[in-house]
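Trainee: I should like to go through this structure with you, step by step.

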Amino acid sequence: MKTNFGPSKILFPSPVALVVTGTMNEANIATIAWASLLTSKPPTLGISVGQKGFTGEAIKNNNNFSVNIATADIMTEADFCGITTGKEIDKFERSGLTKMPSNVIESPIIRECPLNLECKLTDWRIIGQTIHFVGEIIETHVDTKLLGDTADLGSIDIAALNPLIYFGGVREYRNVGDKIGDAYQIGKKLR
Ligand SMILES: Cc1cc2nc3c(=O)[nH]c(=O)nc-3n(C[C@H](O)[C@H](O)[C@H](O)COP(=O)(O)O)c2cc1C
């Protein structure tokens, strides 16, 4: 038996993206769980950002932002960046997270996040209460310690990455479990 709830926003799990806006001198971090790839050519992602916070205006002003993947090791800092606003405090200073210059865009990346995406704003639109920003991914940073023998993006060691996973609705953080299969392969058993 199932029960029904009508309209809801239960779609999980989600990555915990730390979105950095601004410049090396004045940068801000916002925790964004509603982040997703949109297309591969060109590589593009979308993030949904509330209209009242600091981040939406900052992206519109600078036309760029970085997306930094939070790990379980920085869960407390990531949560902190989601319950405070850059309108009031310097989140880099208070969280202890450190900024590093990006290669291409003005907004920095976060040193403690092993995976960082530099994004150039290509589009945005208001949907309901949020602004959906579309960013083309123009540079990718990966901690070399995570890479396997082939040293390509397909060799990232997920256990070592230890990404922080968020479940909305129940408002829980979890880490990833064990690998249980090879994607695009295991289903061939039923072909
Ligand atoms: C786990 C978590 C996930 C969040 N996901 C989003 C999100 O997807 N979109 C959003 O607008 N706010 C999200 N928030 C809330 C923002 O991070 C929060 O409003 C923050 O204060 C915005 O910071 P800013 O004002 O410095 O931009 C999330 C918060 C937490 C703790």
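Trainee: What percentage of the contacts in the protein chain with a separation of 6 or more is accounted for by residues 24 or more positions apart?
Mentor: The model is a predicted one. Contacts with a separation of 6 or more are taken as the whole, and the part of interest joins residues 24 or more positions apart. That part amounts to 60%.

Trainee: Why is the protein chain described as being as compact as a globular protein of that length?
Mentor: The protein chain contains four helices and 12 strands. For its 191 residues the globule rule gives 16 Å, and the description holds because the radius of gyration is close to this, at 17 Å.

Trainee: What share of the 191 residues is buried?
Mentor: A residue counts as buried if 20 or more other C-beta atoms lie within 10 Å of its own. Among the 191 residues of the protein chain, the buried ones make up 30%.

Trainee: In what order do the seven strands of the open sheet lie?
Mentor: The edge strands are β3 and β4, each of which pairs on one side only. From one strand to the next, the twist averages 35°. The pairing is antiparallel, and the order is β3-β2-β6-β9-β10-β5-β4.

Trainee: Which residue in β5 stands opposite Leu 37?
Mentor: Strands β4 and β5 are joined by a hairpin through four residues. They run antiparallel, with four bridges between them. Opposite Leu 37, in β5, stands Leu 45.

Trainee: Which residue of β9 is the bridge partner of Asn 68?
Mentor: Residues 64–69 form strand β6, and residues 115–127 form strand β9; the two pair in the antiparallel sense over five bridges. The bridge partner of Asn 68 in β9 is Asn 116.

Trainee: At about what angle does α1 run to β2?
Mentor: Helix α1 has Phe 54, Thr 55, Gly 56, Ala 58 and Ile 59 as its buried residues. The cover over these residues includes β2, β3, β5, β6, β9 and β10. Helix α1 lies across those strands, and its angle to β2 is about 55°.

Trainee: What angle does the direction of α2 make with that of β3?
Mentor: Helix α2 also packs on the sheet, where it touches β2 and β3. With the direction of β3, that of α2 makes an angle of about 100°.

Trainee: Which element supplies the largest share of the shell around the ligand?
Mentor: There are 22 residues around the ligand, and those that come nearest are Trp 34, Gly 53, Thr 55, Gly 82 and Thr 85. By type, the shell divides into nine nonpolar, 11 polar and two charged residues. At least two residues each come from β3, β5, α1 and α2. The largest share, four residues, is supplied by β3.

Trainee: Is Arg 171 buried or exposed?
Mentor: Arg 171 is found in the loop between β11 and β12. A residue is exposed if 12 or fewer other C-beta atoms lie within 10 Å of its own. Arg 171 has 7 within that distance, so it is exposed.

Trainee: What distance separates the C-alpha atoms of Arg 171 and Thr 21?
Mentor: Along the chain, Arg 171 and Thr 21 are 150 residues apart. In space, the distance between their C-alpha atoms is 25 Å.

Notes:
Residues are numbered from 1 along each chain as its sequence is written. This is a predicted model: local features need pLDDT of at least 70, side-chain atom pairs count only at pLDDT 80 or more; totals for chains, interfaces and linings use all residues. A residue is near a molecule or strand if its C-beta atom, placed from the backbone, lies within 6 Å of it. Ala, Val, Leu, Ile, Met, Phe, Trp, Tyr, Cys and Pro count as nonpolar, Asp, Glu, Lys and Arg as charged, and the others, Gly among them, as polar. Two strands pair if DSSP finds at least two bridges between them. Axes are lines fitted to C-alpha atoms, for helices over the stretch in contact, and angles run from 0 to 180 degrees between N-to-C directions. Two residues are in contact if their C-beta atoms, placed from the backbone, lie within 7 Å. The radius of gyration is taken over C-alpha atoms; the globule rule is 2.2 Å times the number of residues to the power 0.38.
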